[in-house]
There are 2 protein chains.
Amino acid sequence: MINQMKGSRSMEFENAPRIVSAASVVGPKEGEGPLGDCFDLVSDEAEFGEDTWEKAESTMQKEALQLAIGKAHLEAWQIRYLYGGDLLAQIIATSFGGGAASADTPFFGLYGACSTCGESLTLAAMAVAGGYADYAAAVTSSHFGSAEKEFRFPLGYGNQRPLSATWTVTGSGAFILSSGGGGAADSASTDDISGEENDCENNLSLRKRREGKKSYVRVRGATPGRVVDMGVRDNMNMGACMAPAAADTIHQNLMDFNYQPEDYDRIITGDLGEIGQRILLDLMKEKGYDISKQHMDCGIEIYDKEKQDTHAGGSGCGCSAVVLAGMILPRLETGKWRRVLFVPTGALLSKVSFNEGQTVPGIAHAVILECPFSAES
Amino acid sequence: MINQMKGSRSMEFENAPRIVSAASVVGPKEGEGPLGDCFDLVSDEAEFGEDTWEKAESTMQKEALQLAIGKAHLEAWQIRYLYGGDLLAQIIATSFGGGAASADTPFFGLYGACSTCGESLTLAAMAVAGGYADYAAAVTSSHFGSAEKEFRFPLGYGNQRPLSATWTVTGSGAFILSSGGGGAADSASTDDISGEENDCENNLSLRKRREGKKSYVRVRGATPGRVVDMGVRDNMNMGACMAPAAADTIHQNLMDFNYQPEDYDRIITGDLGEIGQRILLDLMKEKGYDISKQHMDCGIEIYDKEKQDTHAGGSGCGCSAVVLAGMILPRLETGKWRRVLFVPTGALLSKVSFNEGQTVPGIAHAVILECPFSAES
């Protein structure tokens, strides 16, 4: 059932798990960006009705998970295992009032910095493909306010940011994976998804389902990442810290599956930003691969650099998660893209590691996502 | 191959993964405790040759993992996936120079507070039983110095501790899981394990293997925990915070497997300590189960309360890990115990969550460990 691919680091799911629903919740700045219309829920204030940044992030994450569960026509108790995490120390956004606390479901807490979206999808896919769960959920979040406080300066300081810095996305993405389809939608009534149609590509999948066609994106395989440390120490240049890890994982993936870059419509990293992107393309060229035609970065897509003053791009566990839910999955569901390598990238550091002069190693977890209509289905 | 057990939260592995090796590394205080002789490596200083507590923890963890890999007669590259974590913000002990960095192997970073040992074993067992990995490793650590700094006060303050407080164990435990046996040991030569015999029960397993009998403890099943919040806010009384989560998971396990407490030789929690133990026994009685004969707590076992001034007991991700490696597995390997429910318990909090007045929810992940000679093998 599962092809372990000896001598590799990757796994291929013969019975590929499907992403039966996805949800994205973002803050106002993300709503004003180029992808604003694609998100399920845009808050008009970054506090999400709470009195601390941490609680705001928890509430945002809870909304994303509940929305994804609802979209899959499931009840929370039907989610067998939840895989989730965030950027905060001791992942409190997830554990306190966030996904883990609200769903009352067995919970595996994860920390992979901004790569956690890839980590959680990989583990959820392993659980489903391995027969451990009919439904598994993956949820991640980040929040600009809580992340600045956690890693850099409290917002009140108004410190100046170098152009290499990225802007932590206020957003949360949640995904429900299953070996079959969604809940009630599979059996009969689809009345409860009426009135949800709008111009956003995101809802094409709902329309497909309403027409009785199941168009779930499949997780074909995954290449879990390892810690890659090239000695970069600049926490205001995360792209440079993460690019070597992204190159390592992408290269491994291409070798393990015997793919060329053109076997993917897109190779989409999490939050390298513009500087990290240039480094990644150079590193891949050194390894003999030109991925400049396929490469895309969630952090570059999510903001309008000129108008939004976000410097190198967006970042955070929420960045890749909401871009996956809002843009990547709809394009796969409709067949616009047939195969995508989704590679969330993480920079491993803490206040303590930075203050003690440690480097900032990176890690990147890749998952192969395929359109429902591709030949191998 | 895998029995999902519908309507439950547990999983049962029909082809139960084996723990083919285990290693424990501890600090001097743990070496002076009642289990001191059972650990593989006792450092004579808590700094492990490093200049910060965080690096000390990383070095200790790296030693434990390398020792476990060596005991299994494997090379690091043969470990397909590593599951690990620690208590520090952004799990830097694991990511920086610890298990993840040293093994150069795909790494899933975990955070489950002191329950992380159970979380990592569960995920590693799922990977092996699901056919994703020939060998998977689980590693966790905690360090008194780094944990006090992370959660309470820098050691230099010399603050007074209430009797309900636990003492964070300086220790790391690592485990190699496989569907078959270990590496070279399975094929032929066992010369390289000569000279390791001593009086410690820990080495009985080595002797068994030398005699050509493979006596690996099996992971029969697991009951992943959920976040349980009873509203306790006292970070100096972790036992009270975690006991409800332990009761929830143990109760679920007994129901899911249709077991009575006496089906286990021991039900061993991670680090409830004396106060948490009393609460757990009461909560289980309320649920209709008397587990007082079976219950044991790693935190109570590891220190001599009278002589070592450790108050309610030991705690930390390293506590349950080193007691598992040093005491529990050897007793299962020799058949002294036939079946044990191992339930590492975690208290979810951070400096920020505590300072913002949040409660301290708990989580507990249980794994069923069986002796190699039991009937169902």
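A polar contact, as I use the term today, is a pair of N or O atoms within 3.5 Å; within protein, one must be able to donate a hydrogen and the other to accept it, and residues adjacent in sequence count only if both atoms are side-chain atoms. With that in hand, consider His143(A), whose side chain reaches the backbone nitrogen of Gly145(A) at 3.0 Å.

Before going further, some conventions. This is a predicted model, in which local features need pLDDT of at least 70 and side-chain atom pairs count only at pLDDT 80 or more, while totals for chains, interfaces and linings use all residues. Residues are numbered from 1 along each chain as its sequence is written, chains are lettered from A and ligands numbered from 1 in the order in which they are written, and side-chain values use heavy atoms, with hydrogens and water left out.

Let me return to His143(A). This residue sits in the loop between β7 (135-142) and α6 (144-151) of chain A; helices (H or I, at least four residues) and strands (E, at least two) are DSSP runs, numbered from the N terminus. His143(A) has a relative accessible area of 1% and is therefore buried, the term meaning under 20% relative accessible area, with exposed over 50% and partly exposed in between (1.4 Å probe, protein chains only). Beyond four places in sequence, its contacts (heavy atoms within 4.5 Å) include Trp53(A), Glu57(A), Met60(A) and Thr168(A).

Turning to chain A as a whole, I find 14 helices and 17 strands. Of its 377 residues, 67% are buried. Among contacts between residues at least 6 apart in sequence, 78% join residues at least 24 apart.

One helix deserves a closer look: α5(A), residues 116-129. Its 14 residues should span 20 Å at 1.5 Å a residue, and the end C-alpha atoms are 19 Å apart, which agrees; the expected span is 1.5 Å times one less than the number of residues. In α5(A), 14 of 14 residues are buried. Gly131(A) follows this helix, with a positive phi near 85°.

Two residues other than glycine also have positive phi, and both are in chain B. Ala113(B), at about 50°, lies in the loop between β6 (107-109) and α5 (116-129). Asn258(B), near 55°, lies in the loop between α9 and β11 (266-269). Which of them is buried, and which exposed? Ala113(B) is buried, at 1% relative accessible area, whereas Asn258(B) counts as exposed at 66%.

Now the two chains together. A rotation of 180° with 0.0 Å of shift along its axis superposes chain A on chain B, with an RMSD of 0.0 Å; the fit is by least squares on the C-alpha atoms of residues with pLDDT of at least 70 in both. That is the relation of a two-fold axis. Each side of the contact has 64 residues, from chain A and from chain B. Because 100% of the interface residues of chain A are also interface residues in chain B, the copies meet through the same surface. The chains bury about 5,000 Å² between them, 58% of it on carbon and sulfur atoms; buried area is the accessible area (1.4 Å probe) that two parts lose on being put together, summed over both. Gln90(A), Phe96(A) and Tyr132(A) supply 17% of the area that chain A buries against chain B, more than any other three residues.
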